[in-house]
Amino acid sequence: MNTTVGSDHIVTAYDQDLDELYRLVSQMSGLVETQFANSLKAVDARDEELALKVKQRDKEIDQLEADVDAAAIRLIALRQPMADDLRFIISAMKAASDIERIGDYAKNIGKRTLVMSQFPAMPVMKSVVRMGQSVQTQLRDIFDAFLAGDEEKAVQVWEKDEDIDAHYTSLFREILTYMMEDPRNITAASHLMFVAKNIERVGDLATNIAESIYFTKTGESLADRPKADASKYESLD
């Protein structure tokens with residue numbers, strides 16, 4: 001019996017399973033990046049059709065998360081990975097959970113857009129979209145970092161979270177001003193406030209993924225992230 005051939009087969013199958021997990025996370029991150037970008041376009045253009053499309057595609061993301069979890073559990077159960085491989089598998093599961101939540105926020109932005117499109121546009125919407133575009137850049141960078149295993153790029157994303165928090169706090173105050181100046185703005189402004197909060201939360205999830213990347217590559221945790229304190233201005237969890 002040629003044990004070398006058997007061992008080579010096991011190694012090849014193991015590598016194929018790891019590659020499949022990588023492929024699933026890549027597919028999931030690409031879809032979510034598109035969903036988030038489309039949700040911002042829907043807000044900016046008041047595009048109800050695009051907003052509805054974002055809302056409807058959320059089930060695809062949910063299924064991909066389930067596929068990632070199944071692939072990861074199968075690897076752990078059958079291959080007994082160690083060290084770097086085990087950290088990658090665990091990080092892939094954590095990242096998939098965060099990516100799925102980003103998809104949920106994109107869907108919620110689509111739902112809010114369907115309501116806001118029934119009201120006159122407010123100038124502050126452009127500011128919300130600009131914040132969203134900054135977060136969109138963060139998403140693209142963190143997904144690239146995850147797939148490349150680039151911990152330095154991950155740390156760069158992680159460090160920018162405070163800027164997003166500060167931008168959100170500024171927008172929160174501006175939207176409140178619109179509500180106070182004219183009660184007719186309250187409904188649309190309330191939905192826009194939730195859109196801004198969803199975008200800020202997406203930024204938080206990008207930093208979660210950054211922490212997973214750093215742990216995968218170094219085996220260590222990042223220090224507590226810097227956070228701008230917006231708690232006294234909002235309660236929109």
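## Around H7

What covers the buried residues of H7 includes H5, helix H6 (151-159) and H8. This is a predicted model, so read everything here with that in mind. The buried set in H7 consists of Asp-161, Ile-164, Asp-165, Tyr-168, Thr-169, Leu-171, Phe-172, Ile-175, Tyr-178 and Met-179.

How does the length of H7 hold up? The helix covers residues 161-181, and its 21 residues should span 30 Å at 1.5 Å a residue. Its end C-alpha atoms sit 31 Å apart, which agrees.

## The overall picture

Zooming out, the protein has eight helices and zero strands. Reading along the sequence, you get α-α-α-α-α-α-α-α. There are 237 residues in the protein, and buried ones make up 46% of them.

Contacts reach a good way along the chain: take those with a separation of 6 or more, and 84% of them are between residues 24 or more positions apart.

## The nonpolar core

The largest nonpolar core has 65 residues. Inside it, the residues with the most contacts are Leu-21, Ile-142, Leu-192, Ile-199 and Ile-209. Helix H1 (3-45), helix H3 (58-79), H4, H5, H6, H7 and H8 each put in at least two residues, and H8 gives the most, with 14.

What does Leu-21 touch, once its neighbours within four places in sequence are left aside? The list is Val-68, Ala-71, Ala-72, Leu-75, Phe-88, Ile-89 and Ala-92.

## The largest pocket

The largest pocket comes in at about 210 Å³. Helix H4 (83-116), helix H5 (124-148) and H8 are the elements that give two or more residues to its lining. The full lining is Tyr-22, Asp-84, Arg-87, Phe-88, Phe-146, Leu-147, Ala-148, Gly-149, Ile-213, Thr-216 and Lys-217.

By class, that lining splits into six nonpolar, two polar and three charged residues. Phe-88 turns up here as a lining residue and also among the contacts of Leu-21.

## H5 and what follows

H5 has 25 residues and reaches 37 Å from its first C-alpha to its last. That is close to the 36 Å expected at 1.5 Å a residue.

Just after H5 comes Gly-149, with a positive phi of about 65°. Gly-149 is also one of the residues lining the largest pocket.

## Two loop residues with positive phi

Most residues other than glycine have a negative phi. Arg-46 goes the other way: it is not a glycine, yet its phi is positive, at about 55°. You'll find Arg-46 in the loop between H1 and H2. Its relative accessibility is 27%, so it counts as partly exposed.

Gln-80 is another non-glycine with a positive phi, here about 50°. Its place is the loop between H3 and H4. Is Gln-80 buried or exposed? With a relative accessible area of 63%, Gln-80 is exposed, since the cut-off for that is over 50%.

## Three residues to click on

Start with Asp-58, which is found in helix H3. Is Asp-58 buried or exposed? Its relative accessibility is 4%, so this charged residue counts as buried. Leaving aside neighbours within four places in sequence, Asp-58 is in contact with Gln-35, Gly-103, Asp-104 and Lys-107.

Next up is Met-193, in helix H8 (residues 186-218). Met-193 has a relative accessible area of 6%, so it is buried; the cut-off is under 20%. Met-193 and Arg-112 are 81 residues apart in sequence, while their C-alpha atoms are 9.8 Å apart in space. Then there's Leu-52, which lies in helix H2 (residues 48-56) and is partly exposed, with a relative accessible area of 36%. Leu-52 is 62 residues from Leu-114 in sequence and 7.6 Å from it in space, C-alpha to C-alpha.

How values were computed
Residues numbered from 1 in each chain as written. Predicted model: local features only at pLDDT ≥ 70, side-chain atom pairs only at ≥ 80, totals over all residues. Heavy atoms only, no water. Helix = DSSP H or I, 4+ residues; strand = E, 2+ residues; numbered from the N terminus. Buried < 20%, exposed > 50% of the residue type's maximum accessible area, 1.4 Å probe, protein only. 1 Å grid on protein atoms, 1.4 Å probe; cavity = no way out; pocket = protein on both sides within 12 Å on 5 of 7 lines; lining within 4 Å. Points joined across faces, edges and corners; volume = space filled by probe spheres on them. Expected span 1.5 Å × (residues − 1). Contact = heavy atoms within 4.5 Å. Core = buried A, V, L, I, M, F, W, Y, C linked by side-chain atoms within 4.5 Å.
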